Amino acid sequence: MSPKGLAKTSQVQATVSKILTYSICDGPGNRLVIFLQGCNFNCVTCHNPHTIGTCNNCGDCVPACHVDALSMVNGKIAFNPVNCDQCDACLVACPISANPMVQKYSVSDILELAREYRPFLNGITVSGGEATLQLKFVLALFQAVKDTPDLAHLTRFIDTNGHLGPQSWERLLPVTDGVMLDVKAFDPSLHFHMTKQDNKKSMQSAKILQAAGKLFELRFLAIPGHTDSAGELEKLTEFVLSLGKDIRVKLNAFQHHGVRGEPLNWEKMPKSGIEHIAAHLRRAGVADVITPAVYT
Amino acid sequence: MHDTLQNTSQMKDTLQMHEKLQKFRSIVNDPTLSSTQKARYLSQEAENALPYLELEPEVQEALEQRVICDMYEGHAPYKPRYVLPDYAVVLQKGSKYLELPIPETLDEAISTLMIAYHHVPSVTGMPVYIGQLDDLLLPFCIDVSDEELYQKIKMFWRYLDRTIPDAFMHANIGPTDNRVARAVLRVDAELKQVAPNLTFFYDPDVSTDEILSVATNNIVECSKPHIANHPIHAKTFDERGYGIVSCYNVLPVAGGSSTMTRINLKKVALRSDSEAHFFDEVLPRYIDLNFKLTEKRIAYLFEESNFFNSFLVEEGWVERDRFSMMYGIYAVADAVNILQKKHGRSGKYGFDQTANALGLKISRVVAEAVEARPMTNVWRGRALLHSQAGICTDTETPGVRIPYGTEPDPVSHVQALAAHHQYYPSGVSEILTIDETIKNNPQALFQLCKGALASGFREFSANVASNDLVRVTGYMIRLTDVEKFNDEKGSRTNTTAFGAEAVDTVGILKRSPRVVGIEFQATG
């Protein structure tokens with residue numbers, strides 16, 4: 001990479017919750033996945049709720065750590081990854097669903113990681129949390145991947161809730177190869193109840209992405225007794241058809257792993273429930289409906 | 001006094017004979033064995049009723065303590081462990097001994113091979129190598145339509161599984177993208193049989209992405225085939241070629257391996273006071289003792305058994321001087337962890353740089369010792385180092401693998417072990433465990449395979465969780481068969497018994513995708 005390129009990208013940093021160097025369920029092929037911290041939704045059924053909040057340095061997590069990996073330094077949380085044994089007690093202690101174990105990564109840090117795992121990778125995915133909240137970083141990273149000859153073949157994907165305006169998409173789409181978009185619910189009040197946000201932006205984003213040819217898949221989380229009503233199914237089908245019969249729809253089954261609070265008492269979505277939704281979509285002419293390979 | 005001693009020794013012999021007869025009787029009456037299986041087990045027991053080859057006391061002691069091991073091949077080696085006939089010879093010349101004409105059609109060629117296989121011995125009594133099928137059969141396919149070819153290969157495949165019911169029987173295809181290879185892959189995924197075992201040879205300069213994709217999609221479907229790193233193997237062997245046989249053993253075509261022996265590195269580490277002691281004294285000592293054991297076994301085969309009087313040699317299916325020998329090691333992980341502990345280091349093999357470097361040093365040191373030792377009646381005068389994948393009675397970790405239940409993700413797994421592969425010319429394998437979510441994303445397996453081979457892996461094998469077919473290190477079992485076997489209904493497939501024993505030893509059914517290291521059941 002040219003010195004000019006280096007100077008351009010070295011300033012931008014991401015607040016990262018986790019990085020996976022091997023993932024087969026975050027887009028096509030095997031991918032390097034960056035989970036960014038912070039989300040603009042507050043989903044009651046979130047399966048990684050510790051990625052929602054942004055640390056405000058309240059310090060409640062410090063006494064929860066039993067290996068002295070956390071401390072307060074100049075009024076800010078300091079994390080020592082060497083001591084950490086990943087017990088996740090600090091995540092449970094955090095009152096705002098944030099994560100004291102976050103780490104900062106620069107664009108060149110990520111490029112280095114991609115290079116190390118290059119023979120095994122088909123691409124890079126940014127997820128989270130809500131990846132588009134750190135738009136500047138995502139733009140810089142994706143541009144840098146494109147500009148780096150030995151990494152330029154890696155596809156760049158975003159996993160998002162779609163709560164992003166058209167102008168932001170205008171900047172993001174030229175450097176993005178594909179987007180996986182979740183619509184949490186179609187009935188507006190149901191959506192607000194589940195996420196504390198409106199769904200208009202997400203649905204508009206789906207249309208923008210489809211028009212740009214970048215909507216890799218539309219995702220929907222089926223929750224028994226909550227998002228699987230006949231009405232929701234109708235609206236889901238209608239929405240998919242409005243985008244086009246050939247779009248790829250991924251149905252996810254609500255499960256308990258990682259979930260906190262009241263939804264732990266909710267029923268898990270069984271295979272039969274998913275198959276019911278899939279059958280309905282297929283009857284309506286949607287050809288590419290993906291259902292889970294595993295139910296836990 | 002003398003009389004008493006004589007009586008005591010006579011009593012011992014009588015007691016031993018009585019035990020042996022009881023063993024014969026229990027085989028004969030075993031409700032779970034077919035008569036063919038009974039015959040085979042009886043012949044093994046008879047061979048082992050003979051006194052063992054004469055060994056020096058040190059060698060004898062090391063063998064008894066199982067620091068070195070003869071793989072329970074038997075007390076009187078009368079056949080090589082693995083035979084790899086060059087079947088092209090019989091397809092081009094026919095056979096005088098078997099009264100076979102030169103085949104002209106595809107049917108005749110397949111029929112000739114089917115007959116040939118019955119005359120190929122091995123440690124199991126059944127052939128472990130059935131040839132480079134596409135090379136052998138393509139010349140006969142000119143006037144054969146794709147549909148006909150598919151049907152004939154399907155019938156052939158079924159024949160193999162039903163008459164040679166042993167998952168160690170191994171077919172090779174590749175590296176070119178050709179009609180026979182594609183038909184084989186299609187049939188193998190469709191029939192999902194335990195046998196034959198199958199390896200596709202992959203060469204990035206010769207194979208198409210399409211055929212590699214077919215092979216990796218097959219793995220997602222049924223955890224078969226293995227995919228071999230053709231350029232690395234081709235470089236190790238000669239123009240006559242190599243075959244991948246039994247589990248993942250790589251040997252010269254028109255030859256094979258007279259025997260396999262192995263060193264239990266865990267036991268070597270336990271007998272060492274320190275790393276220095278291990279490398280300077282204890283390991284070299286057992287390397288030497290294992291060589292001595294090996295030399296005795298090879299000598300018997302070549303000088304006393306009369307095996308090489310066979311028509312196989314006379315008609316040129318194999319050549320006496322193309323028999324190599326697999327010098328094995330296993331339990332590298334256990335040895336490393338023991339040595340680390342002795343030095344107060346907590347880093348574990350597979351996860352820690354120091355531990356991994358120590359493991360790699362062990363591979364290198366043994367490889368150098370094998371390279372330095374001249375051997376008689378061994379192809380090219382040198383043994384071939386082998387990463388031995390265990391037998392069903394083992395509790396140690398196989399070969400150079402990372403201990404079960406602690407494996408990292410597949411990519412980290414590959415990266416931790418790739419550096420070992422250069423040292424193991426006669427075979428080394430990892431079986432990567434892949435979550436079944438890959439069924440929605442087969443492209444990922446394709447990429448994983450390419451990445452592994454590009455990193456220097458000699459071969460790529462994977463178990464995808466939830467497949468009924470599971471790779472029990474190198475060979476397949478059907479989980480439903482194991483369940484049935486355990487209900488004492490017996491199994492048609494020979495190797496199911498090994499899988500069932502592995503279930504007990506290592507809990508294969510309790511954990512989903514756990515792989516077990518076995519190569520051969522102990523009969524001793």
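**Close-up views of a predicted two-chain model**

**Figure 1. Chain B as a whole.** Of the 524 residues in chain B of this predicted model, 51% count as buried. If you trace the chain from end to end, you will pass 19 helices and 15 strands. Its contacts often bridge distant parts of the sequence: among those between residues at least 6 apart, 77% join residues at least 24 apart.

**Figure 2. How confident the predictor is.** Chain B has a mean pLDDT of 90, and 89% of its residues reach 70 or more. Please take care with residues 507-524 of chain B, where pLDDT stays under 50. For this stretch the model has 57 contacts beyond four places in sequence. Where pLDDT is low, the predicted coordinates should not be read in detail. For the complex, the predictor gives an ipTM of 0.87 and a pTM of 0.88.

**Figure 3. A look around B:Ser95.** Here we zoom in on the loop between helix 4 (87-93) and helix 5 (106-117) of chain B, where B:Ser95 lies. Is B:Ser95 buried or exposed? B:Ser95 counts as partly exposed because it has 19 C-beta neighbours inside 10 Å, while a buried residue needs 20 or more. Setting aside neighbours within four places in sequence, you will find B:Ser95 in contact with B:Val90, B:Leu100 and B:Glu315. Another serine to look for is B:Ser305, which is 210 residues from B:Ser95 in sequence. In space, the two serines B:Ser95 and B:Ser305 are 24 Å apart, C-alpha to C-alpha.

**Figure 4. Where chain A meets chain B.** This view shows the contact between the chains, to which chain A gives 15 residues and chain B gives 17 residues. What classes of residue make up the side of chain A that touches chain B? That side of chain A has 11 nonpolar residues and four polar ones, with no charged residues.

**Figure 5. The two domains of chain A.** The domain assignment of chain A gives domain 1 as 3-51 + 103-290 and domain 2 as 56-101. In sequence terms, then, domain 1 of chain A is listed in two segments, 3-51 and 103-290. Taken over C-alpha atoms, the centres of domain 1 and domain 2 of chain A are 27 Å apart. At the junction, five residues of domain 1 of chain A are in contact with four residues of domain 2 of chain A. By class, the domain 1 side of this junction in chain A holds one nonpolar residue, four polar residues and no charged residues.

How values were computed:
Residues are numbered from 1 along each chain as its sequence is written. Chains are lettered from A and ligands numbered from 1 in the order in which they are written. This is a predicted model: local features need pLDDT of at least 70, side-chain atom pairs count only at pLDDT 80 or more; totals for chains, interfaces and linings use all residues. Two residues are in contact if their C-beta atoms, placed from the backbone, lie within 7 Å. Ala, Val, Leu, Ile, Met, Phe, Trp, Tyr, Cys and Pro count as nonpolar, Asp, Glu, Lys and Arg as charged, and the others, Gly among them, as polar. Helices (H or I, at least four residues) and strands (E, at least two) are DSSP runs, numbered from the N terminus. A residue is buried if 20 or more other C-beta atoms lie within 10 Å of its own, exposed if 12 or fewer, and partly exposed in between; C-beta atoms are placed from the backbone. pLDDT is the predictor's confidence in each residue, from 0 to 100. Domain bounds come from an automatic or database domain assignment.
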